[in-house]
Each structure stands twice: as C-alpha cells, then as structure tokens.
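Here is a short report for a reader meeting this structure for the first time. Please keep the sequence and the model in view while reading, since the text moves from single residues to whole sheets and then to the chain.

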Amino acid sequence: LSVSFGGQATTATGTVESSVGTMATVAVDTPVLPVGSVTVGVLGKDAAGAVVMPLVNTTVAVHSSGAPRLVSGPSPAAVLLAGGSSVYLSFNSIPALPSRNAMRVRFGTAGSASTVEVTPKTLTQVGTVSSVFVVAPSWHVPIDVPLAVSWDATASASAGSVDGGTLQYARGCDYATECVAISKQPNPTTLVKQPPTTPQCDVLLYCADAHQIPSPRVAMSPSEVGHLGNATVMLTISNFPIFPNTTLTVTFGSVFATVVSAKHAGTGQDLSQVVVELISPRMPEWGPTKLKVLSAAFPSVEANANVQVFKQNVGPVVVKATPSTLTTGVGATVTLQLSNIDTITSASQVKVRLGSGSWTSATSLVSSVYGAARASYEFTAAQAVNGSVTLSVYHELHPADVGATTPRTS
C-alpha cells in the first residue's frame, strides 16, 4: 500500500495490521503536514508493481500539535429542549486549570441574545486531555446550537477558547402517538422514574400493554369537604405521571379546584406517589361527587375517586354578639364572633347591618383563623330602635350569603 498526504511527491508505506474479508487496518507514519484539511490517497500494488487497488482518496483535519482542539463530543449529540442532560466533551492541549470554575461552556453564537454560559459540572485533566461534563441548559426552539469552551488565564498560561462542536436540541418523543402506533400505551411509572434524556423514541422501555400499567389511586384528606369550598385539601395519588412544572387540573364534579402544589412523595427513587395540595372550590350541590385529576403531560391518564361533599350553612353564623343589649340612639362598639365565613384579611371585607339600616364595613379586625372557622370583628352601631332588632353579616366575596342574629335593644 502506498499512502500520499496532500499530494506530496514522497509517499509513506502503509503496513497492513489486520485484514478480514475486504476490510483492512493500515498503520502509517505521517510526514510533516500543514494545518488544515489534507487529502490522503491510498494505492494498492502487487509485488511486481502492478496496481491491484485503484487510488482511494479521503480527507482528514490536521491540527497544530500545541493548539487546543476538540477530540470527541458532544455526547450525546442531541438533547431535549427542556435541557438537564449531562453532555460530555473531550479536548486536547487545554492548559491546566485550578478548578472547573475557571472554565465556561458557551451554548449559542457569541453575541447572540439567546447565548447561555454555564460552568462545567466536572472537569478532569490528565496529561494533555481535558474531560468536561456540562449540564445542557433549556432551549426555546429545536435547533443545532454551537458550543465553545473558554478558560481564564493562569500563572503559566493565558486565557483562551476552543470550538466545542455542535449540539442538537430537539423535541422529545411523542409517546402518546408512538405507543399507540404499536398497540400499546405510554407507561407513566417508567417515564417518571427514568425520564427520557434524548429525543430518540425508546418504545421498548416506555411503552407497555394496557394491563401492565397500574391504575392511579387517590386518597383525600380530609375525607370529605363542604360545598362552600375554600378548604385546604391534600391528595395522595399512586401510579400517576408528573414531571417538574407539569400543569395539573383537579375537578370536583364540573368545578375546578385551585392547585397549590404537586410533588413526589418520599426521596430518591421513591417516585410512585404524588402529593397534591389544593383549595377546594365552591360547589353548586352536595352529596357523592367525582374527583378527577389530569396531568398535562398525559391527558389520557386520569386519577379518579368518589368523594363526599357535605352541605354547609350558607352565610356566616353569628356565634355571639357582645354586648347583646344596646342603648337606643347611642353609638356602640359590638364585637362579633363568627363561624362559617371565608378567610378575612381586612375588616372592610365584613359587611354589617343593624335592622333595616345601611350596610357598613366592620371598623377593625380582631382575629381571623380559617382553620377553626371563627373570627371576631368590631363595628360601630350608630343607630338602634326599641325592642329586638336583627343584626346581619356577610362576606364581601359572597354578598348573597347573609347570616343574622337578634340582639336586644332598649
């Protein structure tokens, strides 16, 4: 075998190290070459000098022996738009650095508004080889993103940078479609425990037969809620798909609850349960009600339960009014102890009327504890009449729900 580099007149002799069928491994000592792209030609001759293999050309990149360069990576070559994957890069001839904090990996074109710079997760330098692991940031659109690595000046070397290749950002596999195409369903448990890190579809891992996928189970605490809502409720759901920042919807019948938070129970690999905190909604009726939980990640997977909704007294209940006797025509401060009323944050939310007088706001808020559903308020009664008179109260959020008591007047 005769091997030529860049059309040089002198050729090197290649030594066949191994040959299997039509494949051969050839070793050759390279001559001094210019930096850049160089054409390599290989020609085969027999002992008599007759050509037995026509000239075959290929192209190789020639780097300066002392210049930093990318040896391998990025690996993997493609990541999800959500980011979070560890990407490996290997370089030659980067100067020894005191720590990973002296290096930065740039994602994107220099000067672009979308460029992101991150510090490597790890940096290992052995001899002239620098191995870098970096966590890919999220990206807004599918695109090939150029990488570059830069480092600070050290006592023995100046600052510098080197090209880091190109990383492809892509959307994740649509398992709802891919699994159905092979008559299976996405396996939520596997998708949560081993979230996909690359755009490639792995139907063997993430798709399963319907009978292999356990149905979600829901436990609610407290076990029943009032129809007026505004109660804090905790749901513990087993076998339910949830990812960070996943949008959840919870309904009682046809009414949407307010989801406060949703997270995995336990730590480490214990991802089999999800704990959801919510505020129950105001419901038009009471009795057995269907509770339904949906995840935006898997809209075809429902977590259902039958829960009990009990009827609550409509409007505040005046537990006590102090004093209970007023003097006709004399203004007074009456303190009301109330129950069955929404959380109060200011006295102006409580509206009070004595007899057929005008509605007025409470003048001061003494205390408010929603958990006990009791609060005390003060207002000034500027009018009074002889005999019994009705004192009415409502919360400004629910003006139709009026509670009342009848203090005596004289």
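D209 is partly exposed, with a relative accessible area of 26%; in this scale buried means under 20% relative accessible area, exposed over 50%, and partly exposed in between, using a 1.4 Å probe and protein chains only. The model is a predicted one, in which local features need pLDDT of at least 70 and side-chain atom pairs count only at pLDDT 80 or more, while totals for chains, interfaces and linings use all residues. Residues are numbered from 1 along each chain as its sequence is written, and side-chain values use heavy atoms, with hydrogens and water left out.

**Salt bridges**

The side chain of D209 meets that of K184 in a salt bridge, at 2.8 Å from N to O, where a salt bridge is a side-chain nitrogen of Lys or Arg within 4 Å of a carboxyl oxygen of Asp or Glu. This pair links distant parts of the chain, 25 residues apart: K184 sits in the loop between α1 (175-181) and β16 (185-186), and D209 in the loop between β17 (207-208) and β18 (217-221). Here and below, helices (H or I, at least four residues) and strands (E, at least two) are DSSP runs, numbered from the N terminus. K184 is partly exposed as well, at 26% relative accessibility.

How many salt bridges does a search of the whole structure find? The search finds 2. In one of them R104 is joined to D152, with the closest N and O atoms 2.8 Å apart. R104 belongs to strand β10 (residues 103-107), whereas D152 lies in the loop between β14 (143-151) and β15, so that the pair links distant parts of the chain, 48 residues apart. R104 counts as partly exposed at 23% relative accessibility, and D152 also counts as partly exposed, at 33%.

**Two open sheets**

Strands of a sheet pair through backbone hydrogen bonds, either parallel or antiparallel; two strands are taken to pair if DSSP finds at least two bridges between them. One open sheet has 5 strands in the order β8-β15-β14-β10-β11, with mixed pairing. Its edges are β8 (78-80) and β11 (116-118), and because each has a single partner strand, one side of each is left without a neighbour in the sheet. From one strand to the next the twist averages 35°, with axes taken as lines fitted to C-alpha atoms, for helices over the stretch in contact, and angles running from 0 to 180 degrees between N-to-C directions. Where β8 pairs with β15, the bridge partner of V79 is Y169.

Another open sheet has 4 strands in the order β7-β9-β13-β12, with antiparallel pairing. β7 (69-75) and β12 (122-126) stand at its edges with a single partner strand each, so one side of each lacks a neighbour in the sheet. The twist in this sheet averages 15° from one strand to the next. Within the pairing of β9 and β13, V87 stands opposite V134.

S90 lies in strand β9 (residues 86-92) and is buried, with a relative accessible area of 5%. Leaving aside its neighbours within four places in sequence, S90 is in contact (heavy atoms within 4.5 Å) with R69, L70, V71, S72, V129 and S130.

**A mostly covered strand**

Strand β30 (residues 350-354) has 4 of its 5 residues buried. Its V350 stands opposite H395 in β35, and its V352 stands opposite T360 in β31. The hairpin of β30 and β31 has 5 residues between the strands, and in this hairpin G355 takes a positive phi near 65°.

The strand pairings named above are set out here.

| Strand pair | Sense | Bridges |
|---|---|---|
| β8 and β15 (residues 160-170) | parallel | 3 bridges |
| β9 and β13 (residues 129-135) | antiparallel | 7 bridges |
| β30 and β35 (residues 391-395) | antiparallel | 5 bridges |
| β30 and β31 (residues 360-361) | antiparallel | 2 bridges |

**The chain as a whole**

The protein chain has 3 helices and 37 strands, and buried residues make up 36% of its 410 residues. Among contacts between residues at least 6 apart in sequence, 57% join residues at least 24 apart. The accessible surface of the chain comes to about 22000 Å², of which 53% belongs to carbon and sulfur atoms; such areas come from the Shrake-Rupley method with a 1.4 Å probe, and for residues only the protein chains shown count as cover.
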